Amino acid sequence: MCHISVMPLEVSQYLVNKSNGLYVDCTFGFGGHTSLLLNKFKDIKIVAFDWDKDSEDRFLKREKGFGGRVIFIRDNFKNIKSRLSSINVNKVDGILADIGVSSKQFDDLNRGFSFNSCVLDMRMDKRNELTAKEVINSFSRKALASIFYRYGEEYKSRQITKAIFLHRKKGVINSAKELRDIVCSVKKTKYKIDPATKVFQALRIFVNDELENVETLVSVAPGLLNTKGRIVVVSFHSLEDRIVKQNFKQNLKDGKYKILTKKIVTPTHEEIRINPRIRSAKMRVAEKI
Ligand SMILES: C[S@@+](CC[C@H](N)C(=O)[O-])C[C@H]1O[C@@H](n2cnc3c(N)ncnc32)[C@H](O)[C@@H]1O
């Protein structure tokens with residue numbers, strides 16, 4: 001499945017407040033938002049981040065078409081401040097983060113994000129050492145249960161961990177598929193969503209240190225934005241959204257931000273109908289005062 005950029009109209013309407021400004025797309029992915037912004041605003045420039053090599057390869061293939069208006073940096077967006085400074089950029093006019101995995105990452109069975117993957121990996125950046133396989137096969141019972149509970153809000157975390165440990169005695173858990181079967185031996189399919197959803201979400205968040213990345217990004221953002229510059233964050237689960245919400249509130253209190261989305265922005269029914277994976281997307285926007 002090809003990646004369809006989430007809330008394209010809303011992203012461009014909210015992000016761009018200066019027609020010849022410099023913007024950061026923290027999550028280049030398929031370059032969907034970047035291309036859209038470049039096409040719509042002919043005088044803007046973009047610094048794009050993504051830590052996945054596939055995204056970098058996609059950028060390199062399309063680089064000529066961007067006409068020198070995009071600089072790509074393969075790194076974790078939590079390093080935005082130092083990486084921008086290394087190219088002599090200290091202030092920008094807008095920051096966009098469309099956090100999470102892309103459809104391509106999700107659908108690739110060699111990446112380990114989906115339930116029927118033949119591996120247990122889940123790293124968005126393969127240069128990082130820790131894989132989901134290592135976590136599942138080598139972490140203590142207490143540590144595993146705490147990951148499932150903390151990052152997945154999985155109420156059966158202890159029972160699931162017990163089942164994983166029983167399995168570990170027999171041999172290594174090698175694939176996402178095997179892990180899903182173990183989770184399903186504890187949690188039965190009662191609802192529409194897969195019983196392993198929360199465990200997979202927790203593992204992914206942990207392996208990629210997702211909450212820490214967002215936390216760092218939103219905490220350095222006010223220092224990077226020019227006056228009237230905006231930060232647009234699209235998140236896909238409540239733990240990330242909470243971090244963004246609290247950060248914006250604090251910056252509002254400190255007189256640094258005005259919040260432009262008093263009511264969070266979500267995809268339209270039509271958008272969800274075409275691309276059901278974005279149903280949990282939430283967009284928050286703030287403007288530097
Ligand atoms: C949902 S996709 C973005 C899609 C993009 N907005 C588009 O329209 O094509 C998320 C992308 O962000 C990247 N990503 C997630 N967390 C990241 C991080 N901490 N640092 C850098 N890139 C990250 C992923 O590798 C993935 O390619």
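Start by selecting helices α1 and α2 in this predicted model: α1 passes α2 in a right-handed crossing.

**Stop 1: α1 and α2**

Colour residues 8-15 as α1 and residues 32-40 as α2; their axes cross at roughly 55 degrees and come within 10 Å. That angle makes α1 oblique to α2, because it falls neither under 35 degrees nor in the range from 65 to 115. Now show side chains. On the α1 side, pick Pro8, Val11 and Ser12, which meet His33, Leu36, Leu37 and Lys40 of α2. Sorted by class, this contact holds four nonpolar, two polar and one charged residues.

**Stop 2: the ligand**

Select the ligand next and display what lies around it. The shell consists of 22 residues, and the closest are Ser5, Thr27, Gly29, Phe30 and Gly32. Which classes make up this shell? Twelve of its residues are polar, six are nonpolar and four are charged.

**Stop 3: the two domains**

Zoom out and colour the chain by its domain assignment. Domain 1 is made of two segments, 8-104 and 210-288, while domain 2 covers 108-208. Taken over C-alpha atoms, the centres of domain 1 and domain 2 are 29 Å apart. How many residues of each domain take part in the contact between them? Ten residues of domain 1 are in contact with nine of domain 2. On the domain 1 side of this contact there are four nonpolar, two polar and four charged residues.

**Stop 4: α7 and α8**

Select residues 141-152, helix α7, together with residues 157-170, helix α8. Their axes lie 9 Å apart, and the packing angle is about 135 degrees. This makes α7 oblique to α8, since the angle is not over 145 and lies outside 65 to 115. The crossing of α7 past α8 is right-handed.

To see the contact itself, show these two sets:

- from α7: Arg141, Leu144, Ala145, Phe148 and Tyr149
- from α8: Ser157, Arg158, Ile160, Thr161, Ile164 and Phe165

Seven nonpolar, two polar and two charged residues form the contact of α7 with α8.

**Stop 5: α7 and α10**

Keep α7 on screen, hide α8 and add helix α10, residues 197-208. How are the axes of α7 and α10 placed, in angle and in distance? The two helices pack at about 95 degrees, with axes 8 Å apart. The angle is within 65 to 115, so α7 counts as roughly perpendicular to α10.

For side chains, show Ile147, Phe148, Tyr151 and Gly152 in α7. Opposite them in α10 are Lys198, Val199, Gln201, Ala202, Leu203, Ile205 and Phe206. By class, the contact of α7 with α10 has eight nonpolar, two polar and one charged residues.

Finish by clicking on Phe148 of α7: this residue is listed in the contact with α8 and also in the contact with α10.

Terms used:
Residues numbered from 1 in each chain as written. Predicted model: local features only at pLDDT ≥ 70, side-chain atom pairs only at ≥ 80, totals over all residues. Axes fitted to C-alpha atoms, helices over the stretch in contact; angles between N-to-C directions. Helix = DSSP H or I, 4+ residues; strand = E, 2+ residues; numbered from the N terminus. Left-handed = near helix turned anticlockwise from the far one by under 90°. Contact = placed C-beta atoms within 7 Å. Nonpolar A, V, L, I, M, F, W, Y, C, P; charged D, E, K, R; others polar. Domains from an automatic or database assignment. Near = placed C-beta within 6 Å.
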